[in-house]
Amino acid sequence: MKSSGERPVVDVAFQGGGAISAAEKVDRAKVLQRLRLGDTAFRHLTRAAALAVLIILSGIIISLIYGSLPALQKFGIGFLFEESWNPVTEQFGAIAPIYGTIITSLIAMLIAVPIGLFIALFLTELCPMWLRRPIGIAIELLAGIPSIIYGIWGLFVFAPFLQQYVQPFLIKVFGNVPVLSTLFEGPPYGIGVLTAGLILAIMVLPFITSISRDVFDAVPPMLKESAYGLGCTTWEVARYVVLPFTRVGVIGGVMLALGRALGETMAVTFVIGNAHRISGSILAPGTTISATIANEFTEAVGDIYTSSLIALGLILFVITFIVLAFARIMLMRLNARLGT
Amino acid sequence: MAIMISGASSPLYATRRRKNVITMALAYAATGFGLSWLALILGVLFYEGFSGLSLRVFTEMTPPPGSAGGLLNPIIGSLVMTFLAVLIGTPLGILAGTYLAEYGRYDKLSSVVRFINDILLSAPSIVIGLFIYEIMVAQMGHFSGWAGSVALAVIVVPVVVRTTEDMLTLVPDTLREAAASVGLPRSLMITKVAYRAARAGMITGVLLAIARISGETAPLLFTALNNQFWTNNMNAPVSSLPVVIFQFALSPYKDWQDLAWTGALIITLAVLALSITARFLGSQSKKS
């Protein structure tokens, strides 16, 4: 790459460095003028493209606000706290989908964060060198599988499995425990909040793993070696050296995964059950913001219905924007520290 | 320290060792857990998908429920929309990435664009669908393949911006200085020298973007919608593989569900092939 890039440049130098006659000077001025023009044009073109990225973002925000105005004007701030979602009477409230979005993401993070961190620990400290790349790639392939595949798999394979084996067991075990019994109440539907949370956990696992692995790898070997030299066990090195050093990066990675989980649409739509209510039981069907939009948008009739769905989209975008911005700031802080 | 040296039999040492063994076992278990999901998902997908895979899938249209058919129109629809999305999104992404890496590496504007781009990179794709619905479908009054392509292009841009910038940043400055020292204008220095040095990485970025959008469903649901028939008209609703899978999988008809599995297998194979190629290219470009 390097040599092939350099060679033509050297040729140009030889041609340009030769003696220049007076007649050629005029041509040369013309060529230079043209190059100068092309240069400015290219510069402005790239700048415009960079600005286009900003325009896309502001376009998203403006169009969502514009689209949700009718609903927001009709329901006001109460839209955020109202539970009913009734297309017939045109009464819409966002709290049930918001609740579903948050609770499914919470379940996902509770499961995926510890497992993701342990996999990253395995990949950086325990795994033999020759296996690191294949296992790392395999985990990242999980992230490459389109979400619709998780959806169809969740609906036809995972949900029936949970319904037959896992959920009856959960109901039996926790049925008599005071607080937990409400969490695991009701018949085993198979589809529901818990199933969606579990699928999301599998989906965000690779994000947590790959970012944690990268930041774990960035820990200066000197630090780890001195801890090992003092006689620390692998776990102690991970817990008291690696984790404190990379905390900001790990939090960034976790937030990034959370942003994904909050906005994930297709996988959740398949297995959540689409019920517009808040249930104390995580076995019950529920809905999320993205699942509601995906299910109802094309069927929505009337301005208020459509507008309410767009307002849901706006809420989702604001939530994920905050989470993702926080994630980026965390990761930038880590990079700043590693860069120095 | 003295406690530790005092011997392997001391209780503290045993506790620490036990803790270590337990957590390390957990690390092994977690990795096994993660890998088993991949195996489970791919296993079921191959089992269910291959049984329905035949030539007919690639030569016949989507059937009405109860009769046999294929996936020709959604496959073509997906290919065309993906192609158009890449055609729109890649130049924009490469130019923006060029600005970030070459012209405004330390600009205030660049740091803002970089930040916003990173957020767009993981923004919920359904919101992008809503955005394109608002600016295209609602304005034109009907769903169209163009709207679907533009929605996918919006997803392509941040991926390409990111990889282009990263790859151009990796190009050694000595190359740029050599080009400048022989009087090459900056634009030519970028297009003839920097792009060439970063080419493999930039292609990787485009491949990753294609892999990303070929499975996207949410932004197509209310932009391109769906179409049961063959269409050459990008101004009309166009069917796509992910949307057809969504529709067929949730239907109560057995043969539709079977076709959904086959479609899922086709998409997954395509995406995995793309991401493995991209990874291979990426590791090649790092070596040279």
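Buried area is the accessible area, found with a 1.4 Å probe, that two parts lose on being put together, summed over both. This quantity serves to introduce the present structure, which is a predicted model. Between chain A and chain B, the area buried is about 8200 Å². Carbon and sulfur atoms give 81% of that area.

The interface may also be described by its residues. On one side, 90 residues of chain A take part in the contact, and they meet 95 residues of chain B. Eight residue pairs are counted in polar contact between the two chains, both members being at pLDDT 80 or more. Helix 2 of chain A, which spans residues 22-75, supplies the largest share of the side of chain A that touches chain B, namely 22 residues. By residue type, this side of chain A consists of 62 nonpolar, 18 polar and 10 charged residues.

Charged side chains also pair across the interface, where the rule finds three salt bridges. One of them joins B:Arg16 to A:Glu236, with the closest N and O atoms 2.6 Å apart.

Attention now turns to a pair of helices within chain A. Two packed helices are described by the angle between their axes and the distance between the axes. Helix 8 (residues 221-229) and helix 9 (residues 234-263) of chain A pack at an angle of about 145°, and their axes lie 10 Å apart. The crossing of these two helices of chain A is right-handed. Helix 8 of chain A contributes A:Leu223, A:Lys224, A:Ala227 and A:Tyr228 to the contact, while helix 9 of chain A contributes A:Thr234, A:Val237, A:Val241, A:Val242 and A:Phe245. Of the residues in this contact, seven are nonpolar, one is polar and one is charged.

Definitions and conventions:
Residues are numbered from 1 along each chain as its sequence is written. Chains are lettered from A and ligands numbered from 1 in the order in which they are written. This is a predicted model: local features need pLDDT of at least 70, side-chain atom pairs count only at pLDDT 80 or more; totals for chains, interfaces and linings use all residues. Side-chain values use heavy atoms; hydrogens and water are left out. Contact means heavy atoms within 4.5 Å. A salt bridge is a side-chain nitrogen of Lys or Arg within 4 Å of a carboxyl oxygen of Asp or Glu. A polar contact is a pair of N or O atoms within 3.5 Å; within protein, one must be able to donate a hydrogen and the other to accept it, and residues adjacent in sequence count only if both atoms are side-chain atoms. Helices (H or I, at least four residues) and strands (E, at least two) are DSSP runs, numbered from the N terminus. Ala, Val, Leu, Ile, Met, Phe, Trp, Tyr, Cys and Pro count as nonpolar, Asp, Glu, Lys and Arg as charged, and the others, Gly among them, as polar. Axes are lines fitted to C-alpha atoms, for helices over the stretch in contact, and angles run from 0 to 180 degrees between N-to-C directions. A crossing is left-handed if the near helix is turned anticlockwise from the far one by less than a right angle, and right-handed if clockwise.
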